[in-house]
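Please open the model in your viewer, switch to a cartoon representation, and keep the selection panel at hand for the stops that follow.

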Amino acid sequence: MNTHTKTHKHTPGPWMIGERSTTEDNSIPVHSGTKMSPLAYVSPRPQYNDTSEANARLIAAAPELLAALQYFATQLPGIIRQCCPQGVPMEVADAVDAARAAIQKAQGGTEVLPVARTEGRVTT
């Protein structure tokens with residue numbers, strides 16, 4: 001399910017967290033699997049805690065999360081057309097809109113057009 005294309009500007013995954021720094025800043029590096037130098041650092045202030053490591057894990061998961069959302073957003077409309085010719089509940093449309101908005105945010109965009117809705121159901 002690799003949906004990374006040349007149009008994306010981010011470093012391809014996988015990303016992973018590295019060893020927490022033993023220096024005063026306690027920073028946690030996030031590395032690409034293809035590059036030795038860190039892509040980012042999570043720098044806990046004033047001290048290291050579990051939230052800092054959770055933030056680093058979330059950042060490291062970003063490429064896979066983006067690919068999963070892209071797959072979901074591209075596959076779901078076809079599935080809806082096949083399975084639900086009458087449409088699906090609004091909650092499904094809301095989920096698709098949320099996925100599209102997150103994809104746009106990750107890619108630097110801002111506006112996402114909502115899925116077509118009529119009388120409480122999504123139309124395809």
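Helices and strands are here DSSP runs, a helix being H or I over at least four residues and a strand E over at least two, and both are numbered from the N terminus. Keep in mind throughout that this is a predicted model.

Begin with the whole protein chain, coloured by secondary structure: counted in this way, the chain comes to 3 helices and 6 strands, and if you follow the cartoon from the N terminus on, the elements run β-β-β-α-α-β-α-β-β. Switching to a surface representation of the protein chain, you are looking at an accessible area of about 8500 Å², of which 56% belongs to carbon and sulfur atoms. Of the 124 residues in the chain, 26% are buried. Among the contacts between residues at least 6 apart in sequence, 42% join residues at least 24 apart.

Next, select Gly13 and Pro14 and show their backbone atoms, where a cis peptide bond joins the two residues, with omega at about 5°. As general background, most peptide bonds are trans. Pro14 itself lies in the segment before β1, which leads directly to the next stop.

Now select the strands β1, β2 and β3, which form an open sheet in the order β1-β2-β3, with antiparallel pairing. At the edges you will find β1 (15-17) and β3 (40-42), each of which pairs on one side only. Looking across the sheet, you can follow a twist that averages 25° from one strand to the next.

Stay with the sheet and select β2, residues 28-32, together with β3: these antiparallel strands are joined by 3 bridges. Which residue of β3 is the bridge partner of Val30? Selecting Ala40 shows the partner, facing Val30 across the pairing of the strands.

Add helix α1, residues 50-60, to the selection, and you will see that this helix packs on the sheet, touching β1, β2 and β3, while its direction makes about 165° with that of β1.

For the last stop, select Ser52, which has its place in helix α1, and ask whether Ser52 is buried or exposed. Its relative accessible area is 7%, and because buried means under 20%, Ser52 counts as buried. To see what surrounds this residue, display Ile28, Val42 and Pro44, with which Ser52 is in contact once its neighbours within four places in sequence are left aside.

Note on methods. Residues are numbered from 1 along each chain as its sequence is written. This is a predicted model: local features need pLDDT of at least 70, side-chain atom pairs count only at pLDDT 80 or more; totals for chains, interfaces and linings use all residues. Side-chain values use heavy atoms; hydrogens and water are left out. Two strands pair if DSSP finds at least two bridges between them. Axes are lines fitted to C-alpha atoms, for helices over the stretch in contact, and angles run from 0 to 180 degrees between N-to-C directions. Contact means heavy atoms within 4.5 Å. Buried means under 20% relative accessible area, exposed over 50%, partly exposed in between (1.4 Å probe, protein chains only). Accessible areas come from the Shrake-Rupley method with a 1.4 Å probe; for residues, only the protein chains shown count as cover.
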